[in-house]
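Got your viewer open? Let's take a short walk through this model, one selection at a time.

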Amino acid sequence: MTTVTLKGTPFETVGELPAVGSKAPEFSLTKDDLSELTLADLSGRVVLNIFPSVDTPTCAMSVRQFNTKAAALDNTTVVCVSKDLPFAMARFCGAEGIDNVVTGSAFRSSFAEDYGLLMKDGPLAGLCSRAVVVIDENGKVVYTEQVSEIADEPDYEKALSALS
């Protein structure tokens, strides 16, 4: 378990992020057309931008930031993951003109549990905590960040520098 905070109030997640150097756990997410997105579907390097809900300011900012930064990345797919319904993520991305990231909803999968990110208590119980996982082209985890304060943004530069 990992302890994270929401505006200073601590709560726990189930499990731990995958260890750097380990094989990334397989996953199944739902794309905005309701088809399945798996890790095996993605080629090259993968950045998982994971957050509670795109309808909150910090989560929305992380999608915008990774969208901007993803445009400059070769052989890399940024997947924005939350338990939001695929329709909500599609609506947000369409309204914001976001087209350099892929969205994946964990609303009907074990992604949050498999990646150690399911918040098990507190006001956001049942949602994903904020984290970044970077996976190389061989499926190996090369970087993880569990953001300790849910209201804070991840360290974009540090995450993307793991791709160098």
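Which residues in H1 meet which residues in H2? Before you click, keep in mind that this is a predicted model. Now select Ala60, Val63 and Arg64 in H1, then add Phe92, Cys93 and Glu96 in H2: these are the residues that meet. Sorted by class, this contact of H1 with H2 has 4 nonpolar and 2 charged residues, with no polar ones.

Next, show both helices in full: select residues 57-70 for H1 and residues 86-96 for H2. How do you describe a pair like this? Two packed helices are described by the angle between their axes and by the distance between those axes. Here the angle is about 60°, and the axes are 12 Å apart. That angle makes H1 oblique to H2, because 65 to 115 degrees would be needed for roughly perpendicular and under 35 for roughly parallel. The crossing of H1 and H2 is right-handed.

Now jump to the loop between strand E1 (3-6) and strand E2 (9-12), and pick lysine 7 there. Lysine 7 isn't a glycine, yet its phi is positive, at about 50°. Is lysine 7 buried or exposed? Lysine 7 is exposed, with a relative accessible area of 72%.

Last stop: the loop between strand E3 (28-30) and strand E4 (36-38), where you'll find leucine 34. Leucine 34 is another residue other than glycine with a positive phi, this one near 70°. Turn on the surface and take a look: leucine 34 has 41% relative accessibility, so it counts as partly exposed.

Technical notes
Residues numbered from 1 in each chain as written. Predicted model: local features only at pLDDT ≥ 70, side-chain atom pairs only at ≥ 80, totals over all residues. Heavy atoms only, no water. Axes fitted to C-alpha atoms, helices over the stretch in contact; angles between N-to-C directions. Helix = DSSP H or I, 4+ residues; strand = E, 2+ residues; numbered from the N terminus. Parallel < 35°, antiparallel > 145°, perpendicular 65-115°, else oblique. Left-handed = near helix turned anticlockwise from the far one by under 90°. Contact = heavy atoms within 4.5 Å. Nonpolar A, V, L, I, M, F, W, Y, C, P; charged D, E, K, R; others polar. Buried < 20%, exposed > 50% of the residue type's maximum accessible area, 1.4 Å probe, protein only.
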